[in-house]
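Here are my notes on the two-chain model you passed along. I've gone through it point by point, so keep the viewer open as you read.

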Amino acid sequence: MSAVHRKTLASLAAVAAAALAIGLIAGASWGWGFFGTGLGALLFHHVRHLSRLARWLTDPARGQVPEGTGSWDEVLTALHRFERAAARREKDLAEALARFRRAAQALPDGVVVLGAGNRIEWSNDKASAMLGLDLRADVGQPVGNLVRAPALAETLGAQGTQELVIQGELGARVMLRLIPYGRTQRLLLCRDVTQAERVETMRRDFVANVSHELRTPLTVLVGFLETVRELKLDPQRQRDYLGMMREQAARMQRIIDDLLALSVLESSPLPAAGRVRVRALLDRVLADGKALSGGGHVLSLEADPHVDIAGSEQELASAFGNLVSNAIRYTPPGGKVRLSWTDGPEGATFAVEDTGVGIAPEHIPRLTERFYRVDRGRSRESGGTGLGLAIVKHALARHEATLSIESAPGAGSRFAVRLPPQRTLPALVAERREG
Amino acid sequence: MANEHASKQYDLDLGAIRTRVLQMGGLVESQIRRAIDGLASGDLAALEQVIDDDHRVNAMEVALDGDTSHLIVRRQPAASDLRMIFAIAKTVTDLERIGDEAQKMARMAKAIHERGAAPLPPAVDVRHAAEAAIAMLRRSLDAFARLDCEAAQGVIRDDAGLDAEFRAILRQLITFMMEDPRTISTALEIVWIAKAIERIGDHAKNMAEYVIYIVRGTDVRHTRSPQPGA
């Protein structure tokens, strides 16, 4: 027998006992009357509790289960306990879900949860940004309605794990991965691969360029070798051919030297900064330039003898030397090449000005790319490797220096290297007296 | 809308048709993008592919037309559903025309590159206008998917900007043609491409107007409001 039964029977028994006692003392009609009133009171008690319970059930406010007396006490206390446990479970679940969502938000990739019919159930902010979704409006929308790349439409129809790359928002390339889980659910992972694709393209272009640059002289070399081996040539012609072969071999060597120089600049740590005596360095650069020009150009140097640089002498020499040899190669004989070294409040500047062919504006931003050439034929004729300005750019970056290029076709060019003030040093006094 | 119908199958049919309209939009968008990429890169095979793929757009139009008329006959929709179906039918027509414009762009780009002509500087502005047109198309399709009136109104406003860009490109090309008559044939082909882009913007605007028609039941075509910049 349960507590409810016991309490109900006890209250009935109490009413019946009291009615019997009254009946014995005051007569049967009084007894019956009291019994009837007692039953009525019990009924009233039950109906009142029932109606309060019914009212609470229509709008079950948390933690406000009505309290009761008598047999109702048991029932309502049990309900109260049950309700409290449910509230705790609900809170735990909500917290677990919130933790899970925070974790999903923190993922480096975008995540979209798809339900039956590829409808969007949830997505993290990264996915929303990459795919142009708006979670407030788009829950329940088939994902294909908003991400309309034709490749995705085909993939959504297929089974199993799928991978594809589509055009996302704002020109980004987005890699999508569809992973089935559960019965009808799928996970759509997205990752921005714009940068990765660009790097891959650069790498491919670089390998293609290197191969092309090396193959050209090699083809010439092999051609001459065949000729010299197969044909009986008079000694003069043979000497000519061997000379040309030497030239091609030297060119290949220059390309490889430049590539090695670039890879050292890219990968090795910066050597300890020493004092670079710029005046002496520029004298050597000027002498090299005169040798390259062979007297064809008017070279001049104006250098402030009071400024030196803290840095790597070898790297600066190669950067400055490349700028000067470029100026000479792109200036027709008879032109002028002017070198200058000046100090100013914003740092020291080394500039090379020429009266050469000049550069059209669309080429200027790309000049420091490896193997980028304004005019392929011309550059090779003049012995360039296509790597000079890339070396300059890297060497300067290691000295916090910047390269600025001013040029117009036919009007000559000015390449200026600006070294920041923290790199400049006052030249030694003893040195100045000698100079 | 689900509550308005006794038949669940009906909603599924209508939803499937909308999804396919949007897929057609995605295909058309990729056609424009590939045509404009082909203009920049000179990849003749890719341009050829765009021209060939137009038949896929046309096939989708035919199939969708069949399905919408089928739906009308079988379900006899009324009120907002009828508006939706009208709008779908018209959107499909506009999308098919956009597909034609993309094909036209690919043809012109192919002609320019087959002749080996040097590209004229306005090619950059053409690319910019094309990106703007693609963005308009994207946003009007998004508005159609979400039935978002405000986004649709934004597309309608943006059309004026695209028209202005077209006129600027035209002025620039006229200058080139006057300076150097050798550029005339290339310039004319670029005019066709720019005109196609401008038309794509108009079609995107039409589609945005249908979205407003679905949601509000008012026809905002050929009215002065919403004013540009309003």
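1. A definition before anything else: two strands pair if DSSP finds at least two bridges between them. With that in hand, look at strand 13 of chain A, where Pro426(A) is the bridge partner of Val307(A). Keep in mind throughout that this is a predicted model.

2. That bridge belongs to a small story about strand 8 of chain A. Strand 8 (residues 307-311) and strand 13 of chain A run antiparallel and are joined by three bridges. Besides the Val307(A) pair, Ile309(A) has Thr424(A) as its bridge partner in strand 13 of chain A. On the other flank, strand 6 of chain A is also antiparallel to strand 8 of chain A, again with three bridges. There, Val276(A) is the residue that stands opposite Ile309(A). So Ile309(A) has a counterpart in strand 13 of chain A and another in strand 6 of chain A.

3. Put together, you get an open sheet of three strands in chain A, ordered 6-8-13, with antiparallel pairing. Which strands stand at the edges? They are strand 6 (274-276) and strand 13 (424-426) of chain A; each has a single partner strand, so one side of each has no neighbour in the sheet. Ignoring direction, neighbouring strands here are turned by 40° against each other on average.

4. How many of the five residues of strand 8 of chain A are buried? Four are, so the strand is largely enclosed by the rest of the structure. While you have the sheet on screen, a general reminder: side chains in a regular strand alternate between the two faces of the sheet.

5. Now the helix pair in chain A. Two packed helices are described by the angle between their axes and the distance between the axes. For helix 8 (residues 194-230) and helix 9 (residues 235-267) of chain A, the angle is about 160° and the axes are 9 Å apart. Since angles over 145 degrees count as roughly antiparallel, that is the label for helix 8 of chain A relative to helix 9 of chain A. Their crossing is left-handed.

6. As for who makes that contact, helix 8 of chain A contributes residues including Leu214(A), Leu218(A), Leu221(A) and Phe224(A), while helix 9 of chain A brings, among others, Tyr241(A), Met244(A), Met245(A) and Ile255(A). By residue class, the contact divides into 13 nonpolar, three polar and two charged.

7. Zooming out on chain A, there are 14 helices and 13 strands. Of its 435 residues, 23% are buried. Taking contacts in chain A between residues at least 6 apart in sequence, 57% join residues at least 24 apart.

8. Chain B is a helical affair: six helices and zero strands, running α-α-α-α-α-α from the N terminus on. Buried residues account for 41% of the 230 residues in chain B. Among contacts in chain B with a separation of 6 or more, residues 24 or more positions apart account for 82%.

9. Two residues of chain B are worth clicking on. Leu64(B) sits in helix 2 (residues 44-75) of chain B. Is Leu64(B) buried or exposed? It has 22 other C-beta atoms within 10 Å, and the cut-off for buried is 20 or more, so Leu64(B) is buried. Leaving out residues up to four places away in sequence, Leu64(B) touches Ile17(B), Arg20(B), Val21(B), Met24(B) and Val92(B). Its C-alpha atom is 7.9 Å from that of Ala89(B), 25 residues apart along the chain.

10. The second is Arg138(B), in helix 4 (residues 123-146) of chain B. Arg138(B) is partly exposed, because 19 other C-beta atoms lie within 10 Å. The C-alpha atoms of Arg138(B) and Gly25(B) are separated by 8.2 Å, although the two are 113 residues apart along the chain.

11. Last, the interface: 13 residues of chain A are in contact with 14 residues of chain B. On the chain A side, helix 5 (135-138), helix 6 (143-146) and helix 7 (150-157) are the elements that give two or more residues. Helix 6 of chain A supplies the largest share, three residues. That side of chain A divides into six nonpolar, five polar and two charged residues.

Terms used: Residues are numbered from 1 along each chain as its sequence is written. Chains are lettered from A and ligands numbered from 1 in the order in which they are written. This is a predicted model: local features need pLDDT of at least 70, side-chain atom pairs count only at pLDDT 80 or more; totals for chains, interfaces and linings use all residues. Two residues are in contact if their C-beta atoms, placed from the backbone, lie within 7 Å. Ala, Val, Leu, Ile, Met, Phe, Trp, Tyr, Cys and Pro count as nonpolar, Asp, Glu, Lys and Arg as charged, and the others, Gly among them, as polar. A residue is buried if 20 or more other C-beta atoms lie within 10 Å of its own, exposed if 12 or fewer, and partly exposed in between; C-beta atoms are placed from the backbone. Axes are lines fitted to C-alpha atoms, for helices over the stretch in contact, and angles run from 0 to 180 degrees between N-to-C directions. Angles under 35 degrees count as roughly parallel, over 145 as roughly antiparallel, 65 to 115 as roughly perpendicular and the rest as oblique. A crossing is left-handed if the near helix is turned anticlockwise from the far one by less than a right angle, and right-handed if clockwise.
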